[in-house]
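Let's take a walk through this model together, starting with the overall layout and then stopping at a few residues along the way. Keep the sequence and the 3D view open as you read.

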Amino acid sequence: MATWKTRGLRGSLLEDLINRTNEKYREQGLALIQKVPTPITPMKIDQESRHITLAYFDQKSTVDYIGVVQGIPVCFDAKECALTTFSLQNVHPHQVQFMREFEQQDGIAFFLIYFSRENLFYYLPFRHFLPFWDRAQEGGRKSFRLDELEPDWIIPEEQGIMVPYLDMLSRDLQERD
């Protein structure tokens with residue numbers, strides 16, 4: 001059997017953990033968060049297996065997840081990072097623009113970053129992300145290091161929840177008031 005050598009499956013474990021978390025939050029009546037599908041147009045379909053073998057993206061994707069938590073609109077993007085340095089090439093200008101506009105409409109935007117080497121999940125509020133983004137846009141470093149991030153936003157483990165980000169979201173909301 002052939003081995004996939006694609007970057008496209010990199011975040012699938014992280015996505016699965018977040019999907020399970022979101023399902024748990026939905027069951028508990030805490031949040032309703034949906035994975036945003038990336039619209040594609042199939043070009044070739046294997047007639048025997050009925051699998052898409054070639055496709056292109058219809059449009060640029062915005063964020064990975066969008067929904068509502070206790071009446072508060074939220075959107076976030078999930079990123080996995082193998083090293084302790086996160087490359088900003090993993091974030092696209094149209095995503096930043098969407099998140100900026102989302103927050104202008106009183107929504108909460110953030111990133112969930114999994115630093116796999118350290119085995120830690122990090123909640124990065126959009127407002128904390130922007131200085132790194134702006135630095136890169138102004139010709140500065142095009143990445144940020146884990147040690148540049150505030151350790152208070154590391155998501156602590158919680159029994160029964162894979163990526164327990166709601167406590168960090170609550171803190172994010174409190175800091176905005």
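Starting at the N terminus, the elements of the protein chain follow the order α-β-β-β-β-β-β-α-β-β-α-β-α. That gives four helices and nine strands, where helices (H or I, at least four residues) and strands (E, at least two) are DSSP runs, numbered from the N terminus. Residues are numbered from 1 along each chain as its sequence is written, and what you're looking at is a predicted model, in which local features need pLDDT of at least 70, side-chain atom pairs count only at pLDDT 80 or more, and totals for chains, interfaces and linings use all residues. Side-chain values use heavy atoms, with hydrogens and water left out.

So how confident is the predictor? The pLDDT (the predictor's confidence in each residue, from 0 to 100) averages 88 over the protein chain, and 85% of the residues score at least 70. Confidence is highest in helix α3 (residues 126-137), with a mean of 98, and lowest in strand β3 (residues 52-57), with a mean of 61. Then there's the beginning of the chain: over residues 1-11 pLDDT stays under 50, and the model has five contacts there beyond four places in sequence. A contact here means heavy atoms within 4.5 Å. Where pLDDT is low, the predicted coordinates should not be read in detail.

Back to the chain as a whole. Of its 177 residues, 37% are buried; buried means under 20% relative accessible area, exposed over 50%, and partly exposed in between (1.4 Å probe, protein chains only). Among contacts with a separation of 6 or more, 62% are between residues 24 or more positions apart.

A good place to see such contacts is tyrosine 123, which sits in strand β8 (residues 120-125). With 0% relative accessibility, tyrosine 123 is buried. Leaving out neighbours within four places in sequence, its contacts include Ile108, Phe110, Trp153, Tyr165 and Leu169. Methionine 168 is also on that list, and although 45 residues separate the two along the chain, the C-alpha atoms of tyrosine 123 and methionine 168 are 6.7 Å apart. Look for aspartate 172 too: its side chain and that of tyrosine 123 are joined by a polar contact of 2.7 Å. A polar contact is a pair of N or O atoms within 3.5 Å; within protein, one must be able to donate a hydrogen and the other to accept it, and residues adjacent in sequence count only if both atoms are side-chain atoms.

Tyr165 turns up again when you move to threonine 21, in helix α1 (residues 12-27). Not counting residues up to four places away in sequence, threonine 21 touches Ile161, Met162, Val163 and Tyr165. Its relative accessible area is 1%, so threonine 21 counts as buried.

For a contrast, head to two loops. Glutamine 70 lies between β4 (65-69) and β5 (72-81), and aspartate 106 lies between α2 (93-104) and β7 (108-115). Glutamine 70 is exposed, at 57% relative accessible area, and aspartate 106 is exposed as well, at 65%. What about their backbones? Most residues other than glycine have a negative phi. Glutamine 70, however, has a positive phi near 50°, and aspartate 106 has a positive phi of about 70°.
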